[in-house]
Structures are given as C-alpha cells and as structure tokens.
Amino acid sequence: MKQYLDLVNSVLENGTQKENRTGIDTISNFSEFYKVDLSEGFPLLTTKKMYFRSVILEMLWYLRGEDHIRWLRDEKDCHIWDEWADEDGNVGPIYPVMWRRFPYHEEEEVRFEGNASHIVNSMWVKKEFDQVQRAINMLKENPNSRRIVVSAWHPGLLDQMALPPCHVMYIFNVTDGKLNCHLTQRSGDIALGIPFNLACYSALTMAIANEVGLEYGEFAHTIVDAHIYENHVEGLKEQLEREPRELPTLEIADKPVDDLVFEDFELKNYDHHPAINFEVAV
Ligand SMILES: Nc1nc(=O)c2c([nH]1)NC[C@@H]1CN(c3ccc(C(=O)N[C@@H](CCC(=O)O)C(=O)O)cc3)CN21
Ligand SMILES: O=c1ccn([C@H]2C[C@H](O)[C@@H](COP(=O)(O)O)O2)c(=O)[nH]1
C-alpha cells in the first residue's frame, strides 16, 4: 500500500530522534496524514503478513464495552493486549468502555415526600453513554451531521487506564452516499500499531456502512506523533524493498454491528510477503 510506504519513508527521511518512556528511542515526525479509498479493496498491508484474525478480534473487543481482556486473551487466544493487563486481565476504562459506556453524570430531580410538605431537591446520577450506538443512529437519521464523533479521551479517568488512548477520536462523515471515517491518533507506532489501527478502523467503517445502508468511502488518518522505534528500522526498510501487491477484499455478513462474530468477516485474495517480527515497546 503506497500510502503506508510513503509514511514510512517520510519518517525515516525527515524524522527526529526522540527519547520516550519505553526506553527504546524513536525517529518521529510531527503530524502525518494519509487516506485510503475503501472501495478499492481492504487496506491490509501486503508488504508483510498481517494477522487478520487479531485485527478483527481487537475490533470486536473494542465493541464489547468491557474493562478487561478476558474474552480476547482467554476465550479467543489473542495476546496483543496482554502486556498492558494485570493477571486478571483488567485494563481499566480504555477504548471498549469509552466507546460503549462513556461515564458521565446527569442531574435528576428527587422528591422526598414528608408529612406536611415535600422537599424537591436534585442529585447527580451516574450514567453511561453508548457513543457507537449514537453514531449509528445519527448516520441513519441525520447523515449530513458534522457531529458524528466518538471520543476515547476522558481526562478524569486517564490514571485508571492501562494506557491513555492512542487513537483518541474518530469522526464519521457522509458524502455522496458514502461513509468516510477520520481518525485522530495522538501517538502512532508505525511498524506495529498503525497497520492494526488502519485495518481495524477500515473494517469498522465498512461494518457500520453495511448496517446504515451507505457505500464504502474513505478512511483518513492523522497521526500527531508518528514514530518508528529504533529496533523496527531494519524491518521497515525491508518492507520498503518489497513490491506491494494487490489489496485483498473483505466481505462482512449483513448483520447489525453488535451481532458480528469473527466468522462474519471473510478476507479474500490476501497475497502478502512473509511476516516480519517486530518487538512491541511496552
Ligand atoms: N509500543 C506499542 N505499540 C503499539 O502498537 C501498541 C502499544 N504499544 N500498546 C497498546 C497496543 C497494543 N497493540 C499491539 C500490540 C501488539 C501487536 C503485535 O504484536 N502484532 C504482531 C503479531 C500479532 C499477532 O500475533 O496476532 C504483528 O506482527 O503485527 C500489535 C499491536 C497496539 N498498541
Ligand atoms: O492502537 C495503538 C495503541 C498504541 N500505539 C502505540 C503508540 C506508542 O508507540 C505507544 C503508546 O505510548 P505513549 O507513550 O502512550 O504514546 O503505543 C499505537 O500505535 N496504536
């Protein structure tokens, strides 16, 4: 995929070496952007083998709204989030909780009935907001809205999260009957995270487009700190030498997003170069 290889090239050529909390330095660029047209195929990298099953399982896990990885790790045997969870699998209120059960408070009137009179007062009640369902409803009812935003950033809860969200916010946009999605990512690991994020959000956009009856549009990605860990440089240079192949296609069963299971995602004609092993910086 040319867009990805251009991103790798841009950071390798113009990036600045930076230290960070992981102890493995990066080469970083400030603010990178690319977009892909989802009608031209499913954007799964062909210059290395991508673990499609993990990509889809991660997306389905985000949609489950849980604050632990027990389903992903123990039931599905997918281990990409293990390093950030405790023994019981807890990761705190990260993406799944923010997407499906965003916590907030609402003031509600309460009446305390007394003998002679009643006292009216109010109290703050704890509630949860399903941002994905709101987005789906808005896409059906008001597709021209420019307010179809899902945010994973909750400043008050960052301390409880295993990792502050990297893909912070996404916005759906409908133009010419096509569903587009723009993702803003505060921090992007170009070798490992970005290929997953790109494929995950593309699959999500396609699944939602099916549910709301729209065509596939574009996935656009802004990465604020776009970086390559030093120990990933060699593997990425190897990918730059490889000739990209034709993109595979993805067929998703015609079901509401909440009913989808892994077997509903059929990847066709995935012709890829061999896997490259990148170590994840924790
Ligand atoms: N430094 C860092 N980079 C990331 O990309 C990242 C984090 N941390 N922390 C949280 C999540 C976890 N993510 C991950 C973690 C591991 C893989 C990974 O190991 N991928 C391998 C194999 C996948 C598999 O076996 O299923 C790969 O080759 O893509 C990918 C994304 C993305 N995120
Ligand atoms: O979906 C994800 C999750 C994480 N990453 C990367 C980006 C960074 O390399 C690390 C997070 O470290 P911070 O110090 O919190 O920025 O994980 C990603 O690319 N995609």
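Q: What makes the pairing of Arg-21 with ligand 2 a polar contact?
A: A polar side-chain atom of Arg-21 lies 2.7 Å from an oxygen atom of ligand 2. A polar contact is a pair of N or O atoms within 3.5 Å, so this pair counts.

The model is predicted: local features need pLDDT of at least 70, side-chain atom pairs need 80 or more, and totals for chains, interfaces and linings use all residues. Residues are numbered from 1 along each chain as written, chains are lettered from A and ligands numbered from 1 in written order, and side-chain values use heavy atoms, without hydrogens or water.

Q: Which distances put His-167 and Arg-186 in polar contact with ligand 2?
A: A side-chain N or O atom of His-167 is 3.1 Å from an oxygen atom of ligand 2. For Arg-186, the side-chain distance to a ligand 2 oxygen atom is 2.8 Å. The protein buries 84% of the 460 Å² that ligand 2 exposes when taken alone (Shrake-Rupley method, 1.4 Å probe).

Q: How do you know which residues surround ligand 2?
A: A residue is near a molecule if one of its heavy atoms lies within 4 Å of it. The surrounding residues include Cys-166, Gln-185, Ser-187, Gly-188, Asn-197, His-227 and Tyr-229.

Q: Which elements give two or more residues to the shell around ligand 2?
A: They are β7 (178-189), α6 (193-212) and β8 (215-229). These are DSSP runs numbered from the N terminus: helices (H or I) of at least four residues, strands (E) of at least two. The largest share, 5 residues, comes from β7. Arg-186 lies in strand β7, and so does Asp-189.

Q: What makes Ser-54 a polar contact of ligand 1?
A: A polar side-chain atom of Ser-54 is 2.4 Å from an oxygen atom of ligand 1. Backbone atoms also take part: an N or O atom of Gly-193 lies 3.1 Å from a ligand 1 oxygen atom. A polar backbone atom of Ala-281 is 2.8 Å from a nitrogen atom of ligand 1. Alone, ligand 1 has 660 Å² of accessible area, and the protein covers 82% of it.

Q: How do the shells of ligand 1 and ligand 2 divide by class?
A: Around ligand 1 there are 10 nonpolar, 2 polar and 1 charged residues. Around ligand 2 there are 2 nonpolar, 7 polar and 3 charged. Trp-84, among the nearest residues to ligand 1, counts as nonpolar, whereas Asp counts as charged and Gly as polar.

Q: Where does ligand 2 sit?
A: Ligand 2 sits in the largest pocket. The space taken by ligand 1 is the largest pocket too. Sitting in a pocket requires more than half of a molecule's atoms within 2 Å of its grid points. A pocket is an open set of points on a 1 Å grid where a 1.4 Å probe fits, with protein on both sides within 12 Å along at least five of seven lines; lining residues have an atom within 4 Å of a point.

Q: Why do Asp-189 and Ala-281 gather at one spot?
A: An unreviewed UniProt entry marks both as "binding site". They span 93 residues in sequence, yet their C-alpha atoms are no more than 9.2 Å apart, so they gather at one spot. Both belong to the lining of the largest pocket.

Q: Which residues does the other UniProt "binding site" annotation cover?
A: In the unreviewed entry, they include Arg-146, Arg-147, Asn-197 and Ile-228. The set spreads over 209 residues of sequence and up to 36.1 Å between C-alpha atoms. The pocket lining takes in Arg-21, Arg-186 and His-227, among others of this set.

Note on methods
Polar contact = N/O pair within 3.5 Å; in protein donor to acceptor, adjacent residues only side chain to side chain. UniProt positions renumbered as here; feature names shortened; annotations may be inferred.
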